[in-house]
Amino acid sequence: MTTRAEDVLRRLRETEALLEGHFLLTSGLHSAGYVQCAKVLQYPQHAEVMGTGIAEQVRDLSADVVMSPAIGGIVLGQEVARALGVRAIFGEREQGQMTLRRGFHLEPGERVIVVEDVTTTGGSVREVIEVAQAHGGNLVATAAILDRSNGTATFPAPFHALATLNIQTYAADACPLCQQGTAPVKPGSRQI
């Protein structure tokens with residue numbers, strides 16, 4: 001019998017969401033591997049399984065709303081919220097600053113779970129947490145499909161991940177891939 005983590009990694013490989021090469025990450029770090037969860041989440045059956053898996057981990061926290069960073073967390077946040085029977089909203093950048101737009105709001109004290117597809121440094125999750133708290137939300141958990149932080153991403157509420165994947169990252173000035181003469185590719189959608 002396979003574990004949930006093994007199933008998640010299998011789905012990532014089957015959908016070519018797990019890439020190998022030389023990548024420039026959103027954090028500015030370089031890496032020999034990259035996970036593009038949009039490739040797995042484009043299939044509703046995979047998105048449903050992953051959203052339900054996260055929902056099972058946080059169900060007893062009685063969340064009122066799931067909040068995600070745009071754009072990577074939107075599909076997953078919707079699936080987690082659907083499985084929990086609560087609202088799904090997302091934060092997005094306006095002039096480089098994470099904010100709530102599109103008429104989204106939080107009522108004071110609403111219990112919020114912040115959901116992201118992949119957590120590497122945790123920067124996007126922390127930005128969404130700040131927005132949620134600034135709007136009166138009560139953070140009860142954070143969650144992701146994949147924890148790529150090597151244990152370094154910490155948040156002011158428990159963090160749940162369906163799987164952990166340790167891919168070495170490098171500062172640009174100390175990247176062995178750059179030293180070998182290859183140029184990094186920026187596969188994600190957010191500009192640095």
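This is a short dialogue on reading the sheet and the cores of a predicted model.

Q: What kind of model is this, and how are residues numbered?
A: The model is predicted: local features need pLDDT of at least 70, side-chain atom pairs count only at pLDDT 80 or more, and totals for chains, interfaces and linings use all residues. Residues are numbered from 1 along each chain as its sequence is written, and side-chain values use heavy atoms, with hydrogens and water left out.

Q: In what order do the strands of the open sheet lie?
A: Strands (E, at least two residues) and helices (H or I, at least four) are DSSP runs, numbered from the N terminus. Two strands pair if DSSP finds at least two bridges between them. Here 6 strands form an open sheet, ordered β5-β4-β3-β6-β7-β8, with mixed pairing.

Q: Why is one side of β5 and of β8 left without a neighbour in the sheet?
A: β5 (97-100) and β8 are edge strands; each has a single partner strand, so one side stays free of a sheet neighbour.

Q: How many bridges join β4 to β5?
A: 4 bridges link β4 (residues 87-94) to β5, and the two run antiparallel. R93 sits opposite M98 in β5.

Q: Which residues touch the most other members of the largest nonpolar core?
A: A nonpolar core is a set of buried Ala, Val, Leu, Ile, Met, Phe, Trp, Tyr and Cys residues joined through side-chain atoms within 4.5 Å. Buried means under 20% relative accessible area (1.4 Å probe, protein chains only). The largest core has 32 residues; L12 and L146 touch the most other members. Among the elements that each supply at least two residues are α1 (4-14) and β7 (138-147).

Q: Which residues does a second, separate core include?
A: This core of 17 residues includes V125, V128, L139 and F155.

Conventions: Buried means under 20% relative accessible area, exposed over 50%, partly exposed in between (1.4 Å probe, protein chains only).
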